[in-house]
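Here are my notes on this model, written as numbered points so you can follow along in the viewer. I hope they help as you look around.

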Amino acid sequence: MPPSASLTRDGDESGERSLSEPSILVTIVPEKKGIFLKHSEYEIKSKAYDTEVKRRYKDFVTLHSYLVQKYPYRLIPSLPPKQLMVDSLLEERRRGLQTWLAIIAMHPVLGSSPMLVTFLSDKTPDHLFRMRVAFEKQVDEFSRLRTDVDLPLEDQEKLAASRDRLRKVLHSLHRLRKIFDEQAFRLEQQARDMAEVDLILQGLEVREVFGEKTFDEMSNSAQAVSKHSERYVQLQRNAINERIHVLMELLAAHNELCDRVEKGIFAEYQKALSKSLNISKIKMKSVIRGSGPDNVSTLAQREVAQCGEADALGRRCAFALHCVRSESSLAEKYLQSLPAILLAYASEESQYHSKVTDIEYVRSNRWKYFINLSFAADVEDLASVSS
């Protein structure tokens with residue numbers, strides 16, 4: 001039986017959702033205060049399930065824990081850390097939770113898991129208890145696999161090469177997002193500076209120095225630059241940086257998955273094979289030396305047990321590597337959205353600079369006007385003095 005007919009859905013399938021189509025919206029519910037402590041709730045709206053539920057951070061932690069336990073070889077990002085009740089940090093965590101939930105919902109396997117369905121749709125007050133009852137004793141994804149399903153041997157060199165490439169892309173995205181964030185910070189500062197310029201130019205003190213209303217155009221241009229900068233920064237963060245952040249979370253989760261498989265089931269399987277080989281060598285030496293039948297029989301029993309354990313671990317290891325290959329394909333597929341993200345960035349930056357350049361041209365002419373006006377006044381003063 002081919003594995004594609006019975007294994008859980010592969011990353012090569014077309015069932016995953018697009019990174020450009022957010023299906024999950026997480027908003028902060030107004031703060032609830034207790035006698036001693038206060039906590040935040042999050043309202044979660046799902047387009048896919050047409051549901052709206054309220055959850056606390058601990059509910060996300062429970063869902064994350066179950067997903068890691070029941071789907072140990074899938075691409076599951078880490079949750080944003082629990083932080084102090086500070087508005088800026090709460091907003092940062094809200095964005096992190098929304099990104100995390102969107103990645104889980106987009107996944108072709110996790111997105112249809114009963115755990116996520118329950119998390120997004122159960123509106124009962126005891127939803128946490130109901131999740132524990134339903135999923136606490138559920139076996140993991142591999143244990144639910146039928147024994148007659150064939151597991152193909154994966155090319156470990158290709159898996160290693162794919163992992164190395166995706167890690168390099170992740171490093172590049174870290175650098176890219178850092179540059180974009182720094183650029184956004186500078187433009188925010190520019191917007192604040194231009195807003196302050198507007199206030200100064202609108203002041204009576206400056207107007208009285210020149211004695212005319214020509215500063216109105218200067219003030220309008222300062223307002224326009226400020227508005228364009230604010231709009232550009234907001235759009236860049238929402239449409240560019242957030243999408244890059246989703247890609248970074250996906251790639252970081254892929255790297256963590258590879259580490260988990262390499263240091264976990266793969267290492268256990270290699271250790272079991274080594275033990276089985278050592279027992280076979282000892283048994284061979286015992287036969288050659290003519291050891292007693294009892295010793296040979298005991299070694300044979302140990303060899304059979306060890307081989308059985310190695311076979312079981314080998315099958316689980318094969319499934320884990322199959323999942324890694326599937327998740328690598330999924331990460332590669334999502335990575336195809338990067339050119340569109342960068343093109344959107346280039347388009348927005350081009351429009352921004354084009355508009356600001358036009359405004360700066362007007363401002364430059366107005367400054368020239370004031371320079372010429374001031375020069376003409378100086379000449380007139382000199383003429384009156386000489387006469």
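1. Thr51 touches Ile44, Lys45, Ser46, Leu120 and Ser121, leaving out residues up to four places away in sequence. Please keep in mind as you read that this is a predicted model. Thr51 sits in strand β3, and its side chain reaches the backbone oxygen of Leu120 at 2.7 Å. Thr51 counts as buried because its relative accessibility is 15%, under the 20% cut-off. From Thr51 to Ile24 the C-alpha distance is 10.0 Å, with their positions 27 residues apart in sequence.

2. Stay in the same strand for Arg55, which is also found in β3 (residues 51–56). What does a buried arginine do without a salt bridge? Arg55 is buried and has none; the nearest side chain of opposite charge, Asp59, is 4.8 Å away. A polar atom of the Arg55 side chain does, however, lie 2.6 Å from the backbone oxygen of Asp122. Beyond four places in sequence, the residues that Arg55 touches include Glu41, Tyr42, Phe60, Phe119 and His127.

3. Arg163, in helix α6, makes a useful second case. This arginine counts as buried because its relative accessible area is 13%, and its side chain makes a polar contact with the side chain of Asp259 at 2.2 Å. Another polar contact, of 2.9 Å, joins the side chains of Arg163 and Glu262. Leaving aside neighbours within four places in sequence, Arg163 is also in contact with His254, Asn255 and Cys258.

4. Helix α6 itself is worth a look from end to end. Its 47 residues (156–202) should span 69 Å at 1.5 Å a residue, and the end C-alpha atoms are 68 Å apart, so the two values agree. At the start of α6, a side-chain oxygen of Asp155 comes within 3.1 Å of the backbone nitrogen of Glu157.

5. Next, the nonpolar interior. The largest nonpolar core has 29 residues, and Leu173, Ile244, Leu247, Leu250 and Leu251 touch the most other members. Two or more residues each come from α3 (87–106), α6, α8 (215–263), α10 (293–335) and α11 (338–386). Helix α8 gives the largest share, 10 residues. In soluble globular proteins, nonpolar side chains tend to be buried together.

6. Among the 14 salt bridges in the structure, one group stands apart as a topic: Glu91, Arg94, Arg95 and Glu242 are linked in a network. Glu91 and Arg94 meet at 2.9 Å, N to O; both lie in helix α3, three residues apart, about one turn of the helix. Residues three or four places apart point the same way because an α-helix has 3.6 residues a turn. Glu91 is partly exposed at 29% relative accessible area, whereas Arg94 is buried at 14%.

7. Which parts does the pair of Glu242 and Arg95 tie together? Their side chains meet in a salt bridge of 3.6 Å, N to O. Glu242 lies in helix α8 and Arg95 in helix α3, so the pair ties together parts 147 residues apart in sequence. Glu242 is partly exposed at 21%, and Arg95 is partly exposed at 33%.

8. One last pair: the side chains of Arg325 and Glu154 meet in a salt bridge of 3.7 Å, N to O. Arg325 is in helix α10 and Glu154 in the loop between α5 (127–135) and α6, 171 residues apart. Arg325 is partly exposed at 23%, while Glu154 is buried at 16%.

Definitions and conventions: Residues are numbered from 1 along each chain as its sequence is written. This is a predicted model: local features need pLDDT of at least 70, side-chain atom pairs count only at pLDDT 80 or more; totals for chains, interfaces and linings use all residues. Side-chain values use heavy atoms; hydrogens and water are left out. Helices (H or I, at least four residues) and strands (E, at least two) are DSSP runs, numbered from the N terminus. Buried means under 20% relative accessible area, exposed over 50%, partly exposed in between (1.4 Å probe, protein chains only). Lys and Arg count as positive and Asp and Glu as negative; His and the chain ends are not counted. A salt bridge is a side-chain nitrogen of Lys or Arg within 4 Å of a carboxyl oxygen of Asp or Glu. A polar contact is a pair of N or O atoms within 3.5 Å; within protein, one must be able to donate a hydrogen and the other to accept it, and residues adjacent in sequence count only if both atoms are side-chain atoms. Contact means heavy atoms within 4.5 Å. The expected span of a helix is 1.5 Å times one less than its number of residues. A nonpolar core is a set of buried Ala, Val, Leu, Ile, Met, Phe, Trp, Tyr and Cys residues joined through side-chain atoms within 4.5 Å.
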